[in-house]
Amino acid sequence: MNDERNGQVLIRINNIVKNYVSGNETLHILKGINLEINEGITAAISGQSGSGKSTLLNIIGGLDRTDEGSVIIGNDEITSLSEKEISVYRSKKVGFIFQFHYLLKDFTALENIMLPAYIAGMKKKEAAERAKALLADVRMEDRKSHFPSQLSGGERQRVAVARSMVNDPALILADEPTGNLDPQNSEIVTALLYESAQKWNKTMIVVTHDKKVAARACMQLVLENGRLAEALA
């Protein structure tokens, strides 16, 4: 399964299997997933709760391990990396957006965006300038000095979108990024997320229950019974 509309292949997923053991029962979550996604492509994965969407995303992001198969991002087979190497991969090559924003309450919007870049070794001034540019992308320039408690739910998630891109990662992984938002804020965050990905030419995978969020993606996929397929029109 591959979309050839843009650039080189960035993501190669080869026959990955993931099981969980619960008591005497083995749950077969992923049953041989294969997928290729090119650079600059956005892909949306839908499916019922418990279908394994987040598990798949976590494996691609290096937050979980496969039982079988391989995941290759660029030139890195992340399924064979050590814990130290996978930590570097997560911090430098992947930007995460979750259903909850996970902003640090004692830091301003600008500081929350800057922090991952600063930790990764970027100079403070450079990190601040990049954070300001990303705040502008999500229409939050006038809220840069506000703390999370002073922001609405939609505004917090817009900051989280900007933060995901501060280290210029090759890949953005978004797990139900609008799941906690009302319809109006969901539309705003969705538009800004896809606009930012397009502006910075990011490859992005979005896990979502929202058909409107999925409809904006170049590739629309469905995970069902442990297998991945293209969504029917």
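Mentor: Before we start, one definition: two strands pair if DSSP finds at least two bridges between them. Keep in mind, too, that this is a predicted model.

Trainee: Okay, so how many bridges join β4 and β5, and in which sense do they pair?
Mentor: Two bridges are the least that count as a pair. One bridge has I72 standing opposite E77 in β5. In total, β4 and β5 are held by two bridges, and the sense is antiparallel.

Trainee: Which residue in the hairpin of β4 and β5 takes a positive phi?
Mentor: Most residues other than glycine have a negative phi. The hairpin of β4 and β5 has two residues between the strands. With phi near 65 degrees, the residue you want is G74.

Trainee: What is the strand order of the open sheet that holds β4 and β5?
Mentor: Strands of a sheet pair through backbone hydrogen bonds, either parallel or antiparallel. Here four strands form an open sheet with antiparallel pairing. Reading across the sheet, the order is β2-β1-β4-β5.

Trainee: Which strands stand at the edges of that sheet?
Mentor: Look for strands with a single partner, because such a strand has one side left without a neighbour in the sheet. Two strands fit: β2 (25–38) and β5 (76–77).

Trainee: How many bridges pair strand β1 with β2?
Mentor: Strand β1 covers residues 9–22 and pairs with β2 in the antiparallel sense. As an example to find in the structure, N19 stands opposite H28 in β2. The count for β1 and β2 is eleven bridges.

Trainee: And what is the bridge partner of V17 in β4?
Mentor: β1 also pairs with β4, in the antiparallel sense over five bridges. Go to V17 and look across to β4: its partner is E68.

Trainee: What angle does the direction of helix α1 make with that of β1?
Mentor: Helix α1 (residues 53–60) packs on the sheet of four strands, touching β1, β2 and β4 (68–73). Angles run from 0 to 180 degrees between N-to-C directions. For α1 and β1, the value is about 125 degrees.

Trainee: N15 caught my eye in β1. Is it buried, partly exposed or exposed?
Mentor: N15 sits in strand β1, and its phi is near 55 degrees, a positive value in a residue other than glycine. Buried means under 20% relative accessible area and exposed means over 50%. N15 has 41% relative accessibility, so it counts as partly exposed.

Trainee: Where is N201 found?
Mentor: N201 also has a phi near 55 degrees, a positive value in a residue other than glycine. Its relative accessible area is 48%, so it is partly exposed. As for its place, N201 is in the loop between α6 (183–199) and β8 (203–207).

Trainee: Now for the sheet of six strands: which are its edge strands?
Mentor: This open sheet has mixed pairing and the order β6-β7-β8-β3-β9-β10. From one strand to the next, the twist averages 20 degrees. Each edge strand pairs on one side only, and those strands are β6 and β10.

Trainee: Which residue in β7 stands opposite F96?
Mentor: β6 and strand β7 (residues 171–175) run parallel and are joined by four bridges. Find F96, look across to β7, and you land on L173.

Trainee: Which strands does α2 touch when it packs on this sheet?
Mentor: Contact means heavy atoms within 4.5 Å. The direction of α2 makes about 75 degrees with that of β6. The strands α2 touches are β6 and β7.

Trainee: At the other edge, which residue in the hairpin of β9 and β10 takes a positive phi?
Mentor: Strand β9 (residues 219–224) and strand β10 (residues 227–230) pair in the antiparallel sense over four bridges. One of these joins E224 to R227. The hairpin has two residues between the strands, and the one with phi near 55 degrees is N225.

Trainee: Last one: which element gives the largest share of the lining of the largest pocket?
Mentor: The largest pocket has a volume of about 500 Å³ and is lined by 19 residues, with R90, V94, F96, P116 and R163 nearest its centre. The lining divides into eleven nonpolar, six polar and two charged residues. At least two residues each come from α2 (83–93), β6 (94–97), α3 (109–119) and α5 (153–164). The largest share, four residues, comes from α3.

Terms used
Residues are numbered from 1 along each chain as its sequence is written. This is a predicted model: local features need pLDDT of at least 70, side-chain atom pairs count only at pLDDT 80 or more; totals for chains, interfaces and linings use all residues. Side-chain values use heavy atoms; hydrogens and water are left out. On a 1 Å grid over the protein atoms alone, a cavity is a set of points where a 1.4 Å probe fits but cannot get out, and a pocket is an open set with protein on both sides within 12 Å along at least five of seven lines; lining residues have an atom within 4 Å of a point. Grid points are joined across faces, edges and corners, and a volume is the space filled by probe spheres set on the points. Ala, Val, Leu, Ile, Met, Phe, Trp, Tyr, Cys and Pro count as nonpolar, Asp, Glu, Lys and Arg as charged, and the others, Gly among them, as polar. Buried means under 20% relative accessible area, exposed over 50%, partly exposed in between (1.4 Å probe, protein chains only).
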